[in-house]
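Student: Could you take me through one part of this model close up, and then show me how it sits in the rest? I'd like one connected answer.

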Amino acid sequence: MTSLRILVPIKRAIDYAVRPRVNAAQTAVETAGVRHSMNPFDEISVEEAVLLREKHSPKTVEDIVAVSIGPPKTVEALRTAMAIGCDRSVHVEIPEKADMLEPLQAAKILKQVVDREKPNLIIMGKQSIDDDFSQTGQMLAGLLGWGQAYGASEISVDGDTLTVKREVEGGTDVVKGKLPMVVMADLRLNTPRFATLPNIMKAKKKKIDKLKLEDFKERAENRLKTLKVAEPPTRQGGGKVENVDGLISKLKELGAL
Amino acid sequence: MMQSAGCRTLRLVQLPCATLRATRRARSTRSVSTRALQNSRRPLSNSVSRSFSTQPSRCYAASKEVKFTVDNYPNVKRDARFSQLTREDVDHFKGILSSPSSVVYAEDDASELEGFNTDWVRKYRGKSQLVLKPKTVEEVSEILKYCSKRNLAVVPQGGNTGLVGGSVPVFDEIVVSLSSMNSIRSFDEVSGVLVCDAGVILESADSYLRERNHIFPLDLGAKGSCHVGGNVSTNAGGLRLLRYGSLHGTVLGVEAVLPDGTILNDLQTLRKNNTGFDLKQVFIGSEGTIGIITGISILCPRRSNAVHTAYFGLTSFSQVKKAFIKAKRDLGEILSAFELMDGLTQDLYHTATKKPYPLDSRYPFHILIETSGSNADHDMAKLEAFLEQVMGEEIVADGTLAQDKSQAEELWKWREGLPEACAHWGGTYKYDVSVPLNEFYTLVEDCRKRFEEAGLVGGTTNESKPVVGVVGWGHMGDSNLHLNVPVRWYDKQVEKLLEPWVYEWIQKRKGSISAEHGLGFAKRDYVQYSRDATALEIMRRVKKTFDPQGIMNPYKYIPMDA
């Protein structure tokens, strides 16, 4: 069996259970003092990489590396990834106040990380829940010239062949491909485990390679300009009618009848 | 969307993203939306598996008919001084209440009365013919004025999530439900004082405060249904009493209607006010026996923006005590919950929900620790020091630290979901007691031995025995233990083994037979195990002062004849 070297790109985003608020200047979502955690799709990707190691004979999965591009606190998400079971990680640090990278920029940097780490399988979330682009994985596969499987709900490895079940409109699509490959995880792929305390402690001692944006030769510039960020209109509460006649006249009033 | 199986798959495929988005937008029902995400991760075949929401669901034993309280307790007799409800009475109430939907009468719609007559534990069921849902304090006043004139008995009812049968009628008492009085009246962001109607649901009040960076100083498993007025009138304790203290300290004022219709407007918003008797204190924990609370004012602390949750497995109760001492020492000012769950509770929850255990191995004891503070980095440093100590000294055998909010909510379910998990097999005998920490868990062990010796324990599989097991969990931080005996059916044999044995056990240790659930119907005749004759006599005098006719929530709370 081909040995697997898995790279898991992750992102630290506002915790999905937190209600995001728009900042006073209406230029962005408020992030200061707001709980952040690993993007849920990425957590699933980390879990899947660790599951692959557990499922196959020892040594099949040689190395699991988490990589993230983000401000200094991104280290927390990398520690979580290593507590779940990644062996080490790479942190591409960007300044605290810097703009979020657009997919092409992220993909170009990730490509150079791939050149450096030489993985043969990339498992990453199909999208991050903050900017919701859902493009980075596809661009990365394109830049690398690798095969890709988007929206994975099941992954199985046989030699150097990967079989991926994808959730598509109307049912399930099964694709097969040869390594190297980029797989983008969907929600139903697995349920991430709770990191145990001993593993959380061990994760503190695992290695994090620090890189800076300037270390990367090929870069793209952000091309989008944010004009304004606003809350969606608040939902109007429903009303109660006393009886059937009331309902009918209300429907007529709204032009539904 | 409804013709073919293909469409169903389509909907499911789209669900995950839609759910995430919906979750981020509407955070008002926090655990429900977390569930949605969790469910959407599961394969289709599991999507019908039971999910626990914060709403106390009645689905578990819904097929079994609940017996009338009067049939179960034939020695309790209807007080002949009370009048019988007549059609004229109902017409009068229809006249004084502004909305026709405020009057639910058995002869018009019997089915709607069922939920008001049956309690959440499905142990008590009354025969009330009438439910009134006033919308204003004046309407409550009109109702009680009429009831005292006619000598009609009344049961005030909030979310009906009580565990001692205090919120449902025993005979034909009129149910006055506060569910239509559910407005927030005011909130002062500077002082943190919230004034609201009694019928506001605890979770709604908390969501309202969350938007304003504050927190309701009370949290409990039934938050999705219980009313804040009910919380105050039963002096509910809950999960965060350790941090925010009892309602006797946080409630600043109440608005209440006395049995004769008098409106007591004591809705103070002052923190300090030494001018005469502190009347609100009599209402806090009075369980609807001296009047109906219609509004409250309460001091709400600022919400902590850094909350961490950890869950541990331990091998013995002496290790639990050591962990508690360490937590108080290392986490002192940020500790907001210290909850104990024994091993069997976790097994029951696992069996009832089919969820995977949070830890790989099974342990006889589990604790759940929560810290709340203002600075995540500082709190994390404290928590890590604590974790290193308890792991290093092998006080805890294993554990996990929630990495995000949804994991924290998931871990909390292994504590908050226990009442429902216990009800899974049919019903539960519940004891909510205060016990000195030294013998905190001995009660469960002694009780378990008693049932095993009697040969009544069938575990989760042997359906010929009434008892599923004897379990314990509780607010260790407040010395408050919940002893639970989940059963397949309520059984006199089981009852005889429990009572008065439990109460005598508690009395010997100078504990309380009701730490936070109250007395209600279930514990009226046992109150003397915790309070002496003089105290009870003075309570009776208080009751008679407010309610000379005895129409408010009769047959409950304390015995009226010495």
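Tutor: Sure, let's start with a single pair: A:Tyr150 stands opposite A:Met184 in β10(A). The strands around that pair are β7 (residues 147-158) and β10 (residues 181-185) of chain A, which run parallel and are joined by five bridges. Strands here are DSSP runs of E, at least two residues long, helices are runs of H or I, at least four, and both are numbered from the N terminus. Two strands count as paired if DSSP finds at least two bridges between them.

A word on ground rules: this is a predicted model, where local features need pLDDT of at least 70 and side-chain atom pairs count only at pLDDT 80 or more, while totals for chains, interfaces and linings use all residues. Residues are numbered from 1 along each chain as its sequence is written, and chains are lettered from A and ligands numbered from 1 in the order in which they are written.

Now zoom out. β7 and β10 belong to an open sheet of nine strands in chain A, with mixed pairing and the order β9-β8-β7-β10-β6-β1-β4-β5-β11. β9 (171-178) and β11 (208-212) of chain A stand at the edges with a single partner strand each, so one side of each has no neighbour in the sheet. On average, neighbouring strands of this sheet are turned by 30° against each other, direction ignored.

What lies across the strands? Helix α4 (residues 136-144) of chain A lies across β6, β7 and β10, running at about 75° to β7(A). Helix α1 (residues 40-55) of chain A also lies across β6, β7 and β10, plus β1 (4-10) and β4 (61-70), and runs at about 145° to β6(A). Those angles run from 0 to 180 degrees between N-to-C directions, with axes being lines fitted to C-alpha atoms, for helices over the stretch in contact. Contact means that two residues have C-beta atoms, placed from the backbone, within 7 Å.

For the whole of chain A, the count is six helices and eleven strands, and the C-alpha atoms fill a box of roughly 70 × 40 × 40 Å along the principal axes. Of the contacts in chain A between residues at least 6 apart in sequence, 71% join residues at least 24 apart. Finally, the predictor gives the complex an ipTM of 0.78 and a pTM of 0.79.
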